[in-house]
Amino acid sequence: MAYVIGVDVGGTFTDAVLDDDAGTILAAKTPSTPPDYSRGVLDVLGLLADQLGRPLEDVLADTHHIAHGTTSSLNALVMGNVPPVGFLTTVGHRDSIYIMNVEGRYLGSSPHELQHVLGQTKTHGLLPKRHALEVRERIDRDGTVVVPLDEEHARQAIRTLLDDGLRAIAVSLLWSFRNPVHEQRLRELVHEIDPDVFVSLSSEVSPRIREFARNATTIMSTQIGPGLRDYLGTLEDGLRSRGLTGPLLVMQSNGGAVAARQAPATAISTVGSVLTGGVIGSVALGEQLGHRNIISTDVGGTTFLVGLIVDGEPVRETTTVINHHPVNVPTLKVHAIGSGGGAIAWLDAGGNLQIGPHSAQAVPGPACYDQGGTEPTNTDANLVLGILPERGLLGGRKPLSLEKAREAIRSRIADPLGLSVEDAAAAIYAVQNAQTGDLLRKTVVEAGHDPRDFVLYAFGGAGPAHCGAYAAEVGVGEVVVPLGQVASAFSAYGLASSDIVVAAELSDPAAMPLDPVQVEKNFAELETRVRESLERQGVQYTSVDTEREIDMRFSMQLAELAVPVPAGPVDEGVVAATGAAFEQRYADLFGAGTGFAAAGIQAITYRVRGTGVLPFSPRLPELAAAEDDGPEPIAHRPVNLANGAGFVDTPVYDYRTLRAGHVLQGPAVVEVPTTTVVVPASTTGTVDRLGNLTITPREETSR
């Protein structure tokens, strides 16, 4: 028997899903263990082994591969918890990372922050100026060496950085994406002085035009590379010592995985790894259920994540923003806010109730965890409202204190607002649903889609408790909650479902009509790099698929759109069709007639994405059909869903008694060891053939 395991390391919980590709899917959840998250990974793998009734060593010996997603890289960047690094660039261009193309003032800011011009600053530099040094060299826009690298001057700069105690250096030279020879030589010079220093080259991390974005991406990749290398090394050593023979794979922002030993070299590609797991899982489940348009929502302990699947394909983007800096990383487009189950409820200076973005995380956790936390969270409110069982989470392994939850809400929210504890908890629940609904609206409606054309998938530890409410906020009529073992570990299921994906790109700006010979040459070079990279992963594939695209824009504009290019030879017809596809995509996104073709169209960056298809393809097993009218509730308890009805005596069901075809009339609560599902009043929950609970408005209500 061979297994594939997906592991999702979040800020609060660590989830794992195991699949044997023969219909068996198991899941486990355990608290994360900061600062050494590898302990939590080993803990959750041990729980999977216990379910199989086998020693962990035997399970790992029979594991084909482990796919791992982690928030450690992203959290390190967002919180600034990164080691000091050095930066080498072309003489005369050091200050580009401090000038920030002006955009450093506003990138990633909210609409409110954009309006507050006097509050915008550029104080969020990536490193102090004494760690940013210049080297004498120059390559022109065509890749021609104009000024050879002054190696003695470069050695002096390298020694200056190393003498200051730096153990990692980012190298980003002007026009190096056209000719990386000087960057490569600088790495050799660093390693001649000290072979253990971590070095990142922009020509490998981000071979794109635009100096500031390329510099920032390379520096941030260097900041997290050593930590990722050490963490993955510790984890892989622990797994190998316990019998793992297959590869440890690391999820990337682009929705695919790479071998752990390859990940640190382009560490920045892993920053959104956990964020994309749920989207990939939604694609896999959507194939089984026949859903092509899906809103993927994941409410974990710390964050609320939303991704879109349109016509069967996840929506992608080529650039993201972290701490006001542009990051050149092809990624699945996932929106996130700090509004998970552990999000802290607080009152602002005006006495308004706010939820998040700060989280109680795993330590100390919500007040009801009774681990020292004193601030009220969404989880505390759900316990007071009767949504969560008093006996606790994780099948009782995580006890909850109703007394501590009530005291936190009373002291921080209820008394200051003159409310009862119950009304304050209902307010927390309502505000949580409203702000998550706002993010759904931003993700779906502002992207030009009608929410009524989508099915919403809800997962994560807290997602099923809120999904009926936040789906109603935007008018989605069908909500699917994956039940069974993957209910709150769905992102880990997505990791287990992922294939190996690598991408290569290069910037070669030119105006339309493009030279077909040059276009084909660029793609041939990228495809060679992609296939070589796939071979280095050390994994056997059932097939290898490649996709090609070009980032294009109208002249005199900065906004670029990725346009697919079909496989096969490139001729004038293919070039013309690509230009037409760009114009159509622009019109679809920004409105008919908004383009300005008379200004001309430019191709900027070429990209090839290669997918190595793995022999495992986890699919949820069929559930036995119901032989009765419906399951009997295991209990009734008062539940308040903040809908104005107050506490209502509500039936509570055990998910293990549900069968395909069972129908639950809301209000109802379904308890799963790792989550709780709320079927709101005036809705119906129907169990499908895979055991998922589909929540829809009751017919008379929709009329």
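The buried residues of helix H17 are Val574, Val575, Thr578, Gly579, Phe582 and Tyr586, and I should say at once that we are looking at a predicted model. These residues lie on the same side of H17, because they cover an arc of only 140° around the axis. What do they pack against? Their partners are helix H16 (516-536), together with strand E26 (543-554), strand E27 (561-565) and strand E28 (601-613).

Staying with H17, the helix runs over residues 572-590, 19 in number, and it reaches 27 Å from its first C-alpha to its last, close to the 27 Å expected at 1.5 Å a residue. At its start, a side-chain oxygen of Asp571 comes to within 3.0 Å of the backbone nitrogen of Gly573, while the residue that follows the helix is Gly591, with a positive phi near 110°.

Let me turn to a sheet. Four strands form an open sheet with mixed pairing, in the order E29-E30-E32-E33. Strand E29 (635-640) and strand E33 (675-679) stand at the edges, each with a single partner strand, so one side of each has no neighbour in the sheet. On average, neighbouring strands here are turned by 35° against each other, direction ignored. Strand E32, residues 668-672, runs antiparallel to E33 and is joined to it by five bridges; within E33, Val679 is the bridge partner of Ala668.

Lastly, consider Leu228, which sits in helix H9 (residues 211-241). Is Leu228 buried or exposed? Its relative accessibility is 2%, and since buried means under 20%, Leu228 counts as buried. Leaving aside residues up to four places away in sequence, Leu228 touches Ser73, Ala263, Pro264, Ala267 and Thr270.

Conventions
Residues numbered from 1 in each chain as written. Predicted model: local features only at pLDDT ≥ 70, side-chain atom pairs only at ≥ 80, totals over all residues. Heavy atoms only, no water. Pairing = 2+ DSSP bridges. Helix = DSSP H or I, 4+ residues; strand = E, 2+ residues; numbered from the N terminus. Axes fitted to C-alpha atoms, helices over the stretch in contact; angles between N-to-C directions. Buried < 20%, exposed > 50% of the residue type's maximum accessible area, 1.4 Å probe, protein only. Contact = heavy atoms within 4.5 Å. Expected span 1.5 Å × (residues − 1). Arc of directions from axis to C-beta. Polar contact = N/O pair within 3.5 Å; in protein donor to acceptor, adjacent residues only side chain to side chain.
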